[in-house]
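Welcome, and please open the model in your viewer. We will go from stop to stop, selecting a few residues at a time.

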Amino acid sequence: MTTHLPPNPAGPAYGLQLCVDSARPHELADWWAEALRWEVETQDEDFIRRMVAEGHASDAETTTHRGRLVWAVGAAINPPGDAEGAGDRPRILFQAVPESKSVKNRVHWDLREPGADDERRAEELHRLVDLGATQVGTGRQGPWVWTVLQDPEGNEFCL
């Protein structure tokens with residue numbers, strides 16, 4: 001059955017946010033912000049305090065990270081506002097879950113830098129490993145070469 005929807009002059013029907021299950025969402029958001037050269041989204045401490053004071057949330061739902069009051073359940077990152085194409089890139093939310101990662105990801109990220117040569121990719125690989133990534137493999141298909149890495153919680157991604 002096909003549903004015909006009227007055209008939407010305002011743009012696509014949905015935005016896209018990527019959600020990553022995490023044992024330590026604030027630390028993983030910090031790591032990925034550094035890895036991608038993005039920014040951790042600031043959480044509004046006054047709003048959080050007001051939600052607790054009004055009974056909409058409890059102190060148990062908050063934590064302190066890097067000296068700031070934040071929601072315990074998660075943290076998000078965004079590309080810098082002045083970055084080219086920033087508005088086209090999805091927000092990434094790292095959310096707390098009780099279970100640890102147990103199998104290979106069904107979806108992974110490819111970090112791509114169009115036009116990067118072997119020397120530039122090697123520099124970036126070194127930078128990511130220095131940040132805490134673990135190199136777990138390599139691949140090649142025709143002229144394309146990639147390195148498989150894991151972030152500090154074991155989520156696979158390719159460079």
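The tour below starts with the whole chain and then moves to single elements and residues.

**The whole chain**

Keep in mind as you look around that this is a predicted model. Colour the chain by secondary structure, and you should find three helices and 10 strands. Followed along the sequence, these elements come in the order β-α-β-α-β-β-β-β-β-α-β-β-β. The protein has 159 residues, and 33% of them are buried. Now think about contacts with a separation of 6 or more: 59% of these join residues 24 or more positions apart.

**Two helices side by side**

Next, select residues 25–36, which form helix α1, and residues 118–131, which form helix α3. At what angle do α1 and α3 pack? The angle is about 160 degrees, and the two axes are 10 Å apart. Angles over 145 degrees count as roughly antiparallel, and α1 and α3 are therefore roughly antiparallel to each other. Their crossing is right-handed.

Show the side chains where they touch. On the α1 side, pick Trp-31, Glu-34 and Ala-35; on the α3 side, pick Glu-124, Arg-127, Leu-128 and Leu-131. Four residues of this contact are nonpolar and three are charged, while none is polar.

**Into the core**

Stay with these helices and look at the largest nonpolar core, which has 21 residues. Which of its members touch the most others? Select Trp-32, Ile-77, Ile-92, Phe-94, Leu-128 and Phe-157 to see them. The elements giving two or more residues to this core are α1, β5 (74–78), β6 (91–96) and α3. Of these, α1 gives the most, with seven residues.

Now centre the view on Trp-32. Setting aside neighbours within four places in sequence, Trp-32 is in contact with Arg-37, Ile-77, Phe-94, Trp-109, Leu-111, Asp-151 and Phe-157.

**Two arginines in loops**

Arg-37, one of the residues in contact with Trp-32, is our next selection. Arg-37 sits in the loop between α1 and β2 (39–40). Is Arg-37 buried or partly exposed? With a relative accessible area of 46%, Arg-37 is partly exposed. Check its backbone too: phi of Arg-37 is near 65 degrees, a positive value in a residue other than glycine. Most residues other than glycine have a negative phi.

Then jump to Arg-66, in the loop between β3 (62–65) and β4 (68–71). Arg-66 also is not a glycine and has a positive phi, of about 55 degrees. Its relative accessibility is 68%, so Arg-66 counts as exposed.

**Asp-118 and Asn-155**

Return to helix α3 and select Asp-118. Asp-118 is exposed, with a relative accessible area of 59%. Draw a distance from its C-alpha atom to that of Val-145: the two residues are 27 apart along the chain, and their C-alpha atoms are separated by 9.2 Å.

For the last stop, select Asn-155 in the loop between β9 (144–150) and β10 (156–158). Is Asn-155 buried or exposed? Buried means under 20% relative accessible area, and Asn-155 has 13%, so it is buried. Leave out its neighbours within four places in sequence, and Asn-155 is in contact with Val-20, Leu-28, Lys-101, Asn-105, Leu-149 and Gln-150.

Methods: Residues are numbered from 1 along each chain as its sequence is written. This is a predicted model: local features need pLDDT of at least 70, side-chain atom pairs count only at pLDDT 80 or more; totals for chains, interfaces and linings use all residues. Side-chain values use heavy atoms; hydrogens and water are left out. Axes are lines fitted to C-alpha atoms, for helices over the stretch in contact, and angles run from 0 to 180 degrees between N-to-C directions. Helices (H or I, at least four residues) and strands (E, at least two) are DSSP runs, numbered from the N terminus. Angles under 35 degrees count as roughly parallel, over 145 as roughly antiparallel, 65 to 115 as roughly perpendicular and the rest as oblique. A crossing is left-handed if the near helix is turned anticlockwise from the far one by less than a right angle, and right-handed if clockwise. Contact means heavy atoms within 4.5 Å. Ala, Val, Leu, Ile, Met, Phe, Trp, Tyr, Cys and Pro count as nonpolar, Asp, Glu, Lys and Arg as charged, and the others, Gly among them, as polar. Buried means under 20% relative accessible area, exposed over 50%, partly exposed in between (1.4 Å probe, protein chains only). A nonpolar core is a set of buried Ala, Val, Leu, Ile, Met, Phe, Trp, Tyr and Cys residues joined through side-chain atoms within 4.5 Å.
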